[in-house]
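Please open the model in your viewer, with a cartoon representation on display and side chains ready to be switched on. The stops below move from the overall layout to single residues, and each one says what to select next.

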Amino acid sequence: MAVLDRRKMLGAGILGVGVYGTATLAGAFGNANAKSGKSFKIKHSTAEWKKRLGPARYRIMRLEGTERPYSSPLDKEKRAGVFACAGCNLGLYSSKTKFDSRTGWPSFWAPIASNRIGKSTDHKIGYPRTEVHCARCGGHLGHIFNDGPRPTGKRHCINGLSLKFIPAS
């Protein structure tokens, strides 16, 4: 899918509707490590993040993009293991909390530990959502919604490109 810049989207009157686009490319990471004024343990230059992640992952993790639903093989991953941050390898989610949300993105009802993720509020599509990012490198993961299963009632809707699956040994 073509990447649209903020001016083109404003001109077209579709800023905030570009769920699969990158309407906020200039926003979240003015430099590659500063997300909403926060500092993270893992820091790289923009060039280094681009090299480490590649274009698709960079767009998702550093520019807060969204992958197309049903495009990630991790949506159907059923083996036991850990889903780690693709940017820094921090274990984020256990396969024990993964469920099929039928949304097309890997979904979890809780992280491995609450200190593994960070949260912020975004208004990119016209209403507030809880954005979730890696607590160690700041990489954008996805969003948290209040329509998940018990015991938390939460659905961590995560871009598969933000994750690496590590099978249990």
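**Overall layout**

Colour the chain from its N terminus onward, and the elements of this predicted model appear in the order α-α-β-β-β-β-β-β-β-β-β. That gives two helices and nine strands in the secondary structure of the protein. If you then colour by accessibility, buried residues account for 47% of the 169 residues.

**The open sheet**

Select next the six strands that form an open sheet, which are arranged in the order β3-β4-β8-β7-β6-β5 with antiparallel pairing. At the edges stand β3 (98-99) and β5 (117-122), each of which has a single partner strand, so that one side of each is left without a neighbour in the sheet.

Begin at the β3 edge, where β3 and β4 pair in the antiparallel sense over two bridges, and where F99 has S107 in β4 as its bridge partner. Moving on from β4 (residues 107-108), you will find two bridges that join this strand to β8, again in an antiparallel run; here F108 stands opposite H156 of β8. On the way to β7 (residues 140-145), four bridges join that strand to β8, and these two also run antiparallel, with C157 of β8 as the bridge partner of H143.

**Both faces of β8**

Stay with β8 (residues 155-158) and show its side chains. In a regular strand, side chains alternate between the two faces of the sheet. Which residues lie on each side of β8, and are they buried or exposed? R155 and C157 are on one side, H156 and I158 are on the other, and all of them are buried, which leaves both faces of the strand covered.

**The aromatic cluster**

Now select F83, Y93, F108 and F165, which ring pairs link into a cluster; the structure as a whole holds three aromatic pairs. F83 and F108 form one of these, an edge-to-face pair with 5.0 Å from centre to centre and 65° between the planes. Because F83 belongs to strand β1 (residues 81-85) and F108 to strand β4, this pair ties together parts that are 25 residues apart in sequence. Both F83 and F108 are buried.

Turn the view to F165, whose ring centre is 4.8 Å from that of F83, with the planes at 50°, so this pair is tilted. Since F83 lies in strand β1 and F165 in strand β9 (residues 163-167), the pair ties together parts that are 82 residues apart in sequence. The relative accessible area of F83 is 0%, and this residue is therefore buried, while F165, at 15% relative accessibility, also counts as buried because the cut-off is under 20%.

**The second largest pocket**

Display the second largest pocket, which has a volume of about 200 Å³. Its lining consists of 15 residues, of which T66, W105, R129, H143 and C157 are the closest to the pocket centre. H143 and C157 are the bridge partners already visited between β7 and β8, and each of these two strands supplies at least two residues of the lining. The largest share, five residues, comes from β7. Coloured by class, the lining shows eight nonpolar, five polar and two charged residues.

**A charge over a ring**

For the last stop, select W49 and R62: the charged end of R62 sits over the ring of W49, at 4.1 Å from the ring centre.

Terms used:
Residues are numbered from 1 along each chain as its sequence is written. This is a predicted model: local features need pLDDT of at least 70, side-chain atom pairs count only at pLDDT 80 or more; totals for chains, interfaces and linings use all residues. Side-chain values use heavy atoms; hydrogens and water are left out. Buried means under 20% relative accessible area, exposed over 50%, partly exposed in between (1.4 Å probe, protein chains only). Two strands pair if DSSP finds at least two bridges between them. Rings of Phe, Tyr and Trp (its six-membered ring) pair if their centres lie within 6.5 Å; planes under 30 degrees apart count as stacked, over 60 as edge-to-face and the rest as tilted. A charge sits over a ring if NZ of Lys or CZ of Arg is within 6 Å of the ring centre and within 35 degrees of the ring normal. On a 1 Å grid over the protein atoms alone, a cavity is a set of points where a 1.4 Å probe fits but cannot get out, and a pocket is an open set with protein on both sides within 12 Å along at least five of seven lines; lining residues have an atom within 4 Å of a point. Grid points are joined across faces, edges and corners, and a volume is the space filled by probe spheres set on the points. Ala, Val, Leu, Ile, Met, Phe, Trp, Tyr, Cys and Pro count as nonpolar, Asp, Glu, Lys and Arg as charged, and the others, Gly among them, as polar.
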